[in-house]
Amino acid sequence: RGSSGSLQHKSALFSCVTGPKQVHGRENWSLSPEEFEVWDRLYRIKESDGVKEPVLPRTKFETLENLDETSKPEEEAAHQLSLSEWSLWQNRPFPTSMVEHSDRCYHFISVMEMIEVMRQEQGDCSYELELQPHLRIEDVCGGRSKSRLPTTSS
Amino acid sequence: QRLRAAVHYTAGCLCREVAEDKGVQFSKQSIAAIAEITFRQCENFARDLEMFARHAKRSTINSEDVKLLARRSNSLLKYITQKSEEIASSNMEQKEKKKKKSSASKGRRTSEEQEAAVSESEDSNM
């Protein structure tokens, strides 16, 4: 609906340029009265719907001072969209339609798969055991500068 | 793998600091997962930084590109900008004193670690 709406919007704009005919409020960024009526009837969430308004979680940094707007109290009454509720499904690529998965997305999937594999582990960590022989002490803080990291006792 | 090992070690050090700070413990597996995420995130950063610099018709990545990585969060952007100014002013002091040739040595450990990892991973990509 969105894309076809914007297409119509464009053609309306062009017809507006070629000849000033009856353009029914479409040149505005906002909805026309007819569009508003459709939105209000079919898509708008009202109190009678019994569903909460969906909201996205806000960015919050544990280790930084948070500047961004503090969450409104009414957000408790909204449905927070969760990005971790279905983490068990995320160790494989989900189907795509028009947009392919990004590298970033594949990184995410790989890490979720790695976590899934490590979930069964007890005690020693295979990742650690695999990497330990490759560690060169001059690559890390302990080797580069002692003043910066006081925890170089190991 | 050598780079991964270095990231893993450093992630372990940082996690130990957080663990002491918060009075919690990290399992070895969670540290490994954080290390792997960091390693892969460096690939994202490296690619973005390279594109940002190229977008500005530069071949050298500078601190403005790094700031652009943090553009989506005001808090993060403010933090990075402050650090960048601190580094710049300490660089100026060092130049005036002409004591040290090495620059940016007073940067925050993790950010420098990431930048170092970024440049190294870029080298290995080529």
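A residue counts as buried when its relative accessible area is under 20%, as exposed when it is over 50%, and as partly exposed in between. Keep that cut-off at hand for the exercises below, which work through a predicted model.

**Exercise 1. Describe the make-up of chain B: which helices and strands are there, and how many?**

Solution.
Step 1: Count the elements. Chain B has five helices and zero strands.
Step 2: Read them in order. Starting at the N terminus, the pattern is α-α-α-α-α.
Step 3: Look at burial. Chain B holds 126 residues, and 38% of them count as buried.
Step 4: Turn to the surface. About 8,000 Å² of chain B is accessible, and carbon and sulfur atoms account for 53% of it.
Step 5: Check how the contacts spread along the chain. Taking contacts in chain B with a separation of 6 or more, 43% are between residues 24 or more positions apart.

**Exercise 2. Characterise the interface of chain B and chain A: how many residue pairs are in polar contact across it?**

Solution.
Step 1: Begin with the residues in contact. On chain B there are 36 of them, and they meet 34 residues of chain A.
Step 2: Add the area. About 3,500 Å² is buried between the two chains, with 56% of it coming from carbon and sulfur atoms.
Step 3: Count the charged pairs. Four salt bridges are found between chain B and chain A.
Step 4: Count the polar pairs. Six residue pairs are in polar contact across the interface, with both residues at pLDDT 80 or more.
Step 5: Find the elements involved. On the side of chain B that touches chain A, two or more residues each come from α1, α2, α4 (74–97) and α5 (109–125) of chain B.
Step 6: Pick out the main contributor. The largest share of that side, 13 residues, belongs to α2(B).
Step 7: Sort by residue class. The side of chain B that touches chain A has eleven nonpolar, eleven polar and 14 charged residues.

**Exercise 3. Which residue forms a salt bridge with A:D103, and how far apart are the closest N and O atoms?**

Solution.
Step 1: Identify the partner. It is B:R47, and the closest N and O atoms are 3.3 Å apart.
Step 2: Place both ends. The pair crosses between chains, with B:R47 in helix α2 (residues 28–55) of chain B and A:D103 in helix α3 (residues 103–118) of chain A.
Step 3: Apply the cut-off to each end. B:R47 has a relative accessible area of 31%, so the arginine is partly exposed. A:D103 stands at 43%, so the aspartate is partly exposed too.

**Exercise 4. Where do A:E138 and B:R2 lie, and why does the pair join two chains?**

Solution.
Step 1: Establish the link. A:E138 and B:R2 form a salt bridge, with 3.7 Å between the closest N and O atoms.
Step 2: Place the ends. A:E138 is in the loop between α4 (126–131) and α5 (141–144) of chain A, while B:R2 is in helix α1 (residues 2–22) of chain B, so the salt bridge joins two chains.
Step 3: Classify them. The relative accessibility of A:E138 is 45%, which makes the glutamate partly exposed. B:R2, with 33%, is partly exposed as well.

**Exercise 5. How many residues apart in helix α2 of chain B are B:R54 and B:E50?**

Solution.
Step 1: Start from the side chains. B:R54 and B:E50 meet in a salt bridge, at 3.4 Å from N to O.
Step 2: Use the spacing. The two are four residues apart in helix α2 of chain B, so about one helical turn separates them.
Step 3: Compare with the cut-off. B:R54 reaches 53% relative accessibility and therefore counts as exposed, whereas B:E50, with 33%, is partly exposed.
Step 4: Now look for shared partners elsewhere. A:E138, A:D139 and B:R2 are joined into one network by salt bridges that share partners.

**Exercise 6. Is B:R40 buried or exposed?**

Solution.
Step 1: Locate the residue. B:R40 sits in helix α2 of chain B.
Step 2: Apply the cut-off. Its relative accessibility is 17%, so B:R40 counts as buried.
Step 3: List its neighbours. Leaving aside residues up to four places away in sequence, B:R40 touches A:H107, A:S110, A:V111 and B:R4.
Step 4: Add the side-chain partner. B:R40 and B:E36 are joined through their side chains by a polar contact of 2.8 Å.

**Exercise 7. Which residues does A:E128 touch, not counting residues up to four places away in sequence?**

Solution.
Step 1: Locate the residue. A:E128 belongs to helix α4 of chain A.
Step 2: Classify the glutamate. With a relative accessible area of 18%, A:E128 is buried.
Step 3: Name the contacts. Beyond residues up to four places away in sequence, A:E128 touches B:H8 and B:K28.

Technical notes
Residues are numbered from 1 along each chain as its sequence is written. Chains are lettered from A and ligands numbered from 1 in the order in which they are written. This is a predicted model: local features need pLDDT of at least 70, side-chain atom pairs count only at pLDDT 80 or more; totals for chains, interfaces and linings use all residues. Side-chain values use heavy atoms; hydrogens and water are left out. A salt bridge is a side-chain nitrogen of Lys or Arg within 4 Å of a carboxyl oxygen of Asp or Glu. Buried means under 20% relative accessible area, exposed over 50%, partly exposed in between (1.4 Å probe, protein chains only). Contact means heavy atoms within 4.5 Å. Buried area is the accessible area (1.4 Å probe) that two parts lose on being put together, summed over both. A polar contact is a pair of N or O atoms within 3.5 Å; within protein, one must be able to donate a hydrogen and the other to accept it, and residues adjacent in sequence count only if both atoms are side-chain atoms. Ala, Val, Leu, Ile, Met, Phe, Trp, Tyr, Cys and Pro count as nonpolar, Asp, Glu, Lys and Arg as charged, and the others, Gly among them, as polar. Accessible areas come from the Shrake-Rupley method with a 1.4 Å probe; for residues, only the protein chains shown count as cover.
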